[in-house]
Amino acid sequence: MLIPILNLAWLIPLFPFLASVAILLFTYRNRKWSHRLAIGGISISFVLSQAVFWAAVLHPVGGGEQAFESTLIHWLSTGTERFTLGVYIDPATAVMLFMVPLVCLMIFIYSVGYMNLGTPEVDPRYSRLFAYLSLLATGMLGSVVFNNLLTFFIFWEIMDTCAYLLIGFWYERKSAYQAGLKTFLVTRVGDMFFLLGLVLLYSEVGSLAYRDIFNPEALEHMAHTPFLGTQWSMATVIALLLFGGTVAKSAQFPLHVWLPDTAEGPSPALALIHAATMVSAGVFLIIRTFPIFAAVESGVQMTVVAAIGAFTAIFSSIIAIAQNDIKRVLAFSTISQLGYMVAALGIGAYVAGAFHLITHAFFKALLFLGSGSVIHGMEHGRRELRIANCESQTHVGTHSPCSPLEEFNPNDMLNMGGLAKRMPRTFWTFLTGGLALSGFPLVTAGFWSKDQIMAQAYERSPVVFWVLAAAAGLTAFYTMRQVCMTFFGQPRTQVAEHAPESVPSMTVPLIILAIFTVGLGWAGIPTHFPVIGGIIPNWFHHFIGQTIETTIETGHATEAAHGFVWEPPALWVIFALGGLALGWLVYGWKPMRAGETDRVEAAMRKVWLGWLYACLRDCFYFDEIYQATFVRGSILLADLFYAFDHGAVDGLVNLIGRFARASAFLDLHVVDGAVNGVGVVVRAGGRDIRRLQTGRIQNYLLWVSVAMLALVLAFLIILFLQEYLYQISLAVLALVVTLLVISVLRSRKFS
Amino acid sequence: MTTTVPLEWVLVLAAALFCAGVYGVLSRRNGIAALMGIELMLNAVNINLVAFWRYLEPEAATGQAFALFVYAVAVAEAAVGLALIIAIWRTRDTVVLEDLDLLKG
């Protein structure tokens with residue numbers, strides 16, 4: 001009963017793909033059918049995924065083994081190598097299958113309202129959005145369910161493409177298409193590392209199937225093979241290369257630059273990219289290949305992963321403080337939370353990292369959809385205001401254009417304020433998401449997942465713990481700032497006064513996601529947590545933990561093995577609550593008024609730190625630095641290559657041209673000379689011989705007669721003068737030759 | 001059977017007539033005259049045929065038959081030749097053989 005369901009898991013990515021193709025090919029002009037197809041496709045995937053998930057949960061997956069692998073099909077043959085394709089379901093896959101289609105479904109439903117279906121403002125590329133979203137969901141689901149890293153890579157690339165298309169969705173805006181291009185190029189860098197890692201892995205193991213890679217012998221082999229004679233083992237290098245893919249995909253520190261710019265895309269697309277799919281795939285890659293990372297005990301790769309994760313977490317939360325674009329704040333919070341997950345994986349907290357990935361997906365989708373709802377409201381407010389302005393002006397009778405409000409930025413939080421009253425459902429759900437992001441204790445899922453990371457970090461790496469705790473404080477602070485600036489106080493612009501609540505197709509997904517944001521945490525309450533621990537078993541840990549406990553011997557004491565340690569939660573919760581309180585004091589106690597500068601900026605200006613604030617606002621000038629180094633460098637390199645091309649390659653070509661010219665000379669004068677010589681000879685012969693052909697019949701007859709006479713003469717000679725035949729023939733020959741010579745000499749003279 | 005005229009005389013007559021024909025064909029500028037030369041040559045041959053039949057093989061009728069064939073051919077040849085000359089006259093306004101050198105190389 002259960003195995004057939006798991007065998008059908010390959011259908012999960014198929015339906016969104018079919019929906020995407022069908023929308024692009026058939027229903028592009030029919031908006032209603034487009035979203036019906038997209039939502040239908042993801043709904044089927046959702047149902048199938050739930051079936052697979054519960055089958056995997058209720059039944060020990062694969063009959064006692066840690067992972068189920070379906071029957072394999074051969075899908076690619078190169079030389080003697082045959083790649084097989086199958087479905088690979090382990091607890092990590094199952095949990096992702098629980099999360100991804102659910103969040104996708106919510107986002108798809110939300111998109112219907114967000115793109116203004118049924119109103120005159122409906123987006124002209126409405127159908128296209130659904131096609132892209134479906135394809136993106138395909139990419140994520142495909143990289144989750146299949147059984148080898150090659151398909152993982154293929155679907156990962158599909159996601160990149162979709163991210164490019166979605167971020168540049170409104171490509172009329174220059175910034176949008178540039179952001180799309182940036183995303184695509186930056187993720188290419190990581191993909192190159194990923195691909196190199198795959199090549200190395202393949203050359204070592206001879207297969208990219210998870211079953212072969214996670215084979216203890218293969219891991220042992222990789223762990224003990226030195227890489228090109230260095231002290232690093234093969235496993236370390238492969239892990240670091242694969243991590244390069246994660247760094248780009250999950251926007252970790254050196255390659256984080258693309259993620260903030262994604263704010264140019266439509267909110268549903270951002271929710272999908274930042275929560276359920278694209279960036280999750282990067283972290284999921286580490287989760288998936290974790291045995292390789294853990295193959296070498298306390299290797300350098302884990303240190304690198306932990307360091308980059310922790311640094312990214314604190315770095316981006318600092319930047320987020322100074323952002324005013326509602327979507328950019330969330331984008332930086334995404335980077336920061338991904339840093340948490342990566343750091344957690346880097347210190348070996350596999351379960352905690354996976355758990356945070358799942359909870360984060362829910363509350364970040366919620367926050368992005370909430371911000372989309374806010375922006376949507378602001379856009380509506382702007383439109384109403386513009387119409388109102390126009391009407392009042394036509395009453396007066398002036399011909400001046402209506403107040404354009406084109407410069408107005410509906411994403412800017414400084415233009416908002418007081419939206420809690422106007423958009424209550426959006427407000428409450430956004431607040432839930434914000435609290436989960438901050439890790440508000442006990443009631444939010446974000447708390448439980450973060451707490452697990454913190455507990456493990458406290459135990460294993462105090463540095464990581466303190467950095468992440470500080471980041472948690474900053475996260476709480478900027479989240480509170482965002483909530484206060486957006487929803488509290490009085491509206492700072494007329495537009496905010498006119499912003500209406502969004503339609504139910506947008507708010508219902510928000511509410512559903514909010515429920516999960518709260519409820520999902522209960523799946524992972526530590527057994528030893530005071531008072532409420534143990535009421536609900538720490539299901540998540542047991543389920544996910546199977547993967548890692550059976551594949552590799554971590555040697556770490558699992559959480560269940562010892563009692564509750566109170567310091568870590570206490571310490572970081574103090575940070576989080578402190579951040580929230582500080583945020584409330586600065587921004588919520590006395591709400592900002594219109595035209596007021598940002599409180600933090602004003603405070604920093606006072607202590608001559610305005611430059612630092614500018615640094616934060618401009619993200620430490622990473623874009624400019626990359627522009628000056630990599631982009632300019634590439635252009636310089638291109639110039640260099642152009643010069644080389646122009647000088648050396650063109651020179652070579654020209655040299656060959658000279659050779660060709662010399663050979664043409666040879667051809668003209670020697671080969672053509674021979675050919676022409678033949679022609680000249682033939683023509684001269686013809687010129688001489690043509691004189692025989694006079695065209696006059698009587699001439700010919702004369703020749704015939706003469707020849708006849710000659711023949712008769714010869715006959716008579718042979719008949720009567722046989723004994724002198726030899727001398728006579730010699731004489732005739734001499735005569736003929738003499739005549740010929742004479743005729744040639746004559747023809748020379750005359751011609 | 002009279003023996004006053006030996007065969008050699010007849011052959012000499014035929015050779016003379018043939019040479020006259022050849023001379024006519026080679027030397028006359030008029031196409032019609034050249035055709036007449038050809039007729040002379042054909043008749044010289046006919047004299048030979050008839051003479052050899054009469055003097056050497058009087059029993060067989062082959063010599064006469066050949067002579068009759070030659071007449072038929074000569075008539076046909078004269079008809080075709082004259083038709084050609086008329087056609088040439090119509091297109092080129094001349095029957096002078098020296099001017100008819102379209103096939104000159």
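**A predicted two-chain complex: group meeting presentation**

Good morning. I begin with a detail of the backbone: in chain A, helix 7 is followed by A:Gly206, whose phi is positive, near 85°. What we are looking at is a predicted model, and I shall return to its confidence values shortly.

Let me stay with helix 7 of chain A. This element covers residues 174-205, 32 residues in total. From its first C-alpha to its last it reaches 46 Å, close to the 46 Å expected at 1.5 Å a residue. Where does helix 7 of chain A bend? The bend lies at A:Val189 and amounts to about 25°.

I turn now to chain A as a whole. Its secondary structure comprises 30 helices and four strands. Two of these strands form a hairpin: strand 2, residues 73-78, and strand 3, residues 81-85, pair in the antiparallel sense over five bridges. Within this pairing, A:Ile73 has A:Leu85 of strand 3 as its bridge partner. Two residues lie between the strands of the hairpin, and A:Gly79 takes a positive phi near 60°.

As for overall dimensions, the C-alpha trace of chain A spans about 150 × 85 × 55 Å along its principal axes. Its radius of gyration is 41 Å, whereas a compact globule of 751 residues would have one near 27 Å.

Chain B is next. How many helices and strands does chain B have? There are three helices and zero strands, and from the N terminus on the elements run α-α-α. The C-alpha atoms of chain B fill a box of roughly 55 × 25 × 25 Å, taken along the principal axes. For chain B the radius of gyration is 17 Å, against a value near 13 Å for a compact globule of 105 residues.

How do the two chains meet? Ten residues from chain A and ten residues from chain B take part in the contact. On the side of chain A that touches chain B, the residues divide into three nonpolar, five polar and two charged.

Finally, I come to confidence. The predictor gives the complex an ipTM of 0.81 and a pTM of 0.73. Chain A has a mean pLDDT of 83, with 91% of its residues at 70 or more. For chain B the mean pLDDT is 88, and 96% of its residues reach 70 or more. One segment of chain A deserves separate mention: over residues 549-561 pLDDT stays under 50, and for these residues the model has 16 contacts beyond four places in sequence.

Thank you for your attention.

Technical notes: Residues are numbered from 1 along each chain as its sequence is written. Chains are lettered from A and ligands numbered from 1 in the order in which they are written. This is a predicted model: local features need pLDDT of at least 70, side-chain atom pairs count only at pLDDT 80 or more; totals for chains, interfaces and linings use all residues. The expected span of a helix is 1.5 Å times one less than its number of residues. The bend at a residue is the angle between axes fitted to the seven residues ending there and the seven starting there. pLDDT is the predictor's confidence in each residue, from 0 to 100. Two residues are in contact if their C-beta atoms, placed from the backbone, lie within 7 Å. Ala, Val, Leu, Ile, Met, Phe, Trp, Tyr, Cys and Pro count as nonpolar, Asp, Glu, Lys and Arg as charged, and the others, Gly among them, as polar. Two strands pair if DSSP finds at least two bridges between them. The radius of gyration is taken over C-alpha atoms; the globule rule is 2.2 Å times the number of residues to the power 0.38.
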